[in-house]
Amino acid sequence: RSAWFGCACCPSNVCRFIPSIPGYAYASAGNRVYVNLFFKNSASIPLDKNRVDLVLQTQYPWEGKIVLTVKPRRSADFEMAVRIPGWAREEPVPGDLYAFDGKGGSPFTIRVNGRTFPFNMEKGYAVLRRQWKKNDMVELSLPMPVRRILANPEIKDDAGKAALQRGPVVYCAEWPDFSEKRVLNLLLEKDAVLRAEFRPDLLGGITVIKGKALAFTRVQPDTVRSETEFTAVPYYAWANRGKGEMAVWIPFEEAAVRPSGEFVTP
């Protein structure tokens with residue numbers, strides 16, 4: 001154990017956070033169960049005059065399939081309120097600071113015991129009400145295409161640039177994944193085809209985004225562009241492979257690119 005930390009609040013907050021996770025994952029009020037977070041777990045939730053055991057299976061955030069097995073102690077009529085993340089409702093964040101570019105969005109679906117089930121949306125939750133019985137299965141499907149996020153036009157530093165997001169995860173370009181070890185000289189065209197690829201060997205197992213980009217290099221007096229392989233990693237995972245350039249906002253307009261080799265001569 002370390003003798004002391006310059007700032008001692010972080011280790012103690014981690015210890016406090018771990019036992020509080022159940023309270024973030026689920027909640028109940030009256031005759032309703034709230035499902036807030038998606039990770040593999042089991043739980044037992046109290047209701048009015050009943051108790052519901054839950055088993056959740058998922059590969060979230062890498063995959064958008066969430067399977068929740070509902071096991072009430074006795075069959076009863078109650079509500080399951082399943083949180084639908086903002087990104088799955090075309091809302092990267094509340095307000096108008098950021099917005100999806102409008103391309104590639106797909107609606108989420110909910111099934112109960114293999115059949116499409118009606119629900120009402122209330123404050124970001126899909127509310128399902130029925131006579132629940134043991135081993136009823138709720139399947140939530142959250143499509144995860146790669147999406148481009150644009151900033152509010154008033155943010156001048158992000159003009160001509162877009163950020164990449166897949167599911168709840170925001171991505172970035174980081175220097176080790178490019179031959180020039182540069183990322184500020186990249187341009188990712190608006191119609192570039194991007195795909196997701198799971199890499200179990202990289203940074204503890206992550207899904208990366210792959211595609212093609214253009215790299216700009218200044219060879220006085222000209223600027224040369226060349227096609228390059230493009231890889232983006234989750235933003236949370238950067239800075240684990242040494243010091244170098246990183247960018248969340250990737251240009252799609254040439255005016256926003258910073259060519260490498262400012263002082264390179266032929």
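# Strands, hollows and one tyrosine

Colleague: Let's start with Y236. Between which two strands does its loop lie?

Modeller: Keep in mind that this is a predicted model. Y236 isn't in a strand itself; its place is in a loop. The strands on either side of that loop are β19 (222-234) and β20 (246-247).

Colleague: Does Y236 count as buried or exposed, and why?

Modeller: The cut-off for exposed is over 50% relative accessible area. Y236 has 54% relative accessibility, so this residue counts as exposed.

Colleague: And which residues does Y236 touch, if we skip those up to four places away in sequence?

Modeller: Skipping those neighbours leaves contacts with other parts of the chain. The residues Y236 touches are W62 and I206.

Colleague: Now the hollow bits. What is the volume of the largest cavity?

Modeller: Rolling a probe the size of a water molecule over the atoms shows where empty space is left. Searching the whole structure turns up three cavities of 30 Å³ or more. For the largest cavity, the volume is about 100 Å³.

Colleague: How many of the residues lining that largest cavity are charged?

Modeller: The lining has 13 residues, and W87, A88, P143, P145 and R147 are the ones nearest the centre. Sorted by class, seven are nonpolar and three are polar. That leaves the charged residues, and there are three.

Colleague: Which strand gives the largest share of the lining of the second largest cavity?

Modeller: This cavity holds about 50 Å³ of space, and its lining includes V35, F38, L56 and E139. Two elements give two or more residues to that lining, β5 (65-72) and β12 (136-141). By class, the lining has eight nonpolar residues, no polar ones and one charged residue. The largest share, three residues, comes from β12.

Colleague: β5 and β12 again! How many bridges join them?

Modeller: Strands of a sheet pair through backbone hydrogen bonds, either parallel or antiparallel. β5 and β12 run antiparallel, and you can spot K65 standing opposite S141 of β12. The number of bridges joining β5 to β12 is six.

Colleague: Which strands stand at the edges of their sheet?

Modeller: The sheet is open, with six strands in the order β3-β4-β5-β12-β8-β9 and antiparallel pairing. A strand at the edge has a single partner, so one of its sides is left without a neighbour in the sheet. The edge strands are β3 (41-47) and β9 (115-116).

Colleague: Let's move on to β14. How many of its six residues are buried?

Modeller: Buried means under 20% relative accessible area. Strand β14, residues 161-166, is mostly covered. Its count of buried residues is five.

Colleague: In β14, what is the bridge partner of R147?

Modeller: β14 runs antiparallel to β13 (residues 146-151), and four bridges join the two. R147 also turned up among the residues nearest the centre of the largest cavity. Its bridge partner in β14 is Q165.

Colleague: What is the bridge partner of Q165 in β15?

Modeller: β14 and β15 (residues 169-174) run antiparallel and are joined by two bridges. In β15, the partner of Q165 is V170.

Colleague: Which residue takes a positive phi in the hairpin of β14 and β15?

Modeller: There are two residues between the strands of this hairpin. The phi we're after is near 60°, and the residue that takes it is G167.

Colleague: Last one: what is the bridge partner of K161 in β21?

Modeller: β14 also pairs with β21 (residues 250-251) in the antiparallel sense, over two bridges. In β21, the partner of K161 is P251.

Terms used:
Residues are numbered from 1 along each chain as its sequence is written. This is a predicted model: local features need pLDDT of at least 70, side-chain atom pairs count only at pLDDT 80 or more; totals for chains, interfaces and linings use all residues. Side-chain values use heavy atoms; hydrogens and water are left out. Buried means under 20% relative accessible area, exposed over 50%, partly exposed in between (1.4 Å probe, protein chains only). Contact means heavy atoms within 4.5 Å. On a 1 Å grid over the protein atoms alone, a cavity is a set of points where a 1.4 Å probe fits but cannot get out, and a pocket is an open set with protein on both sides within 12 Å along at least five of seven lines; lining residues have an atom within 4 Å of a point. Grid points are joined across faces, edges and corners, and a volume is the space filled by probe spheres set on the points. Ala, Val, Leu, Ile, Met, Phe, Trp, Tyr, Cys and Pro count as nonpolar, Asp, Glu, Lys and Arg as charged, and the others, Gly among them, as polar. Two strands pair if DSSP finds at least two bridges between them.
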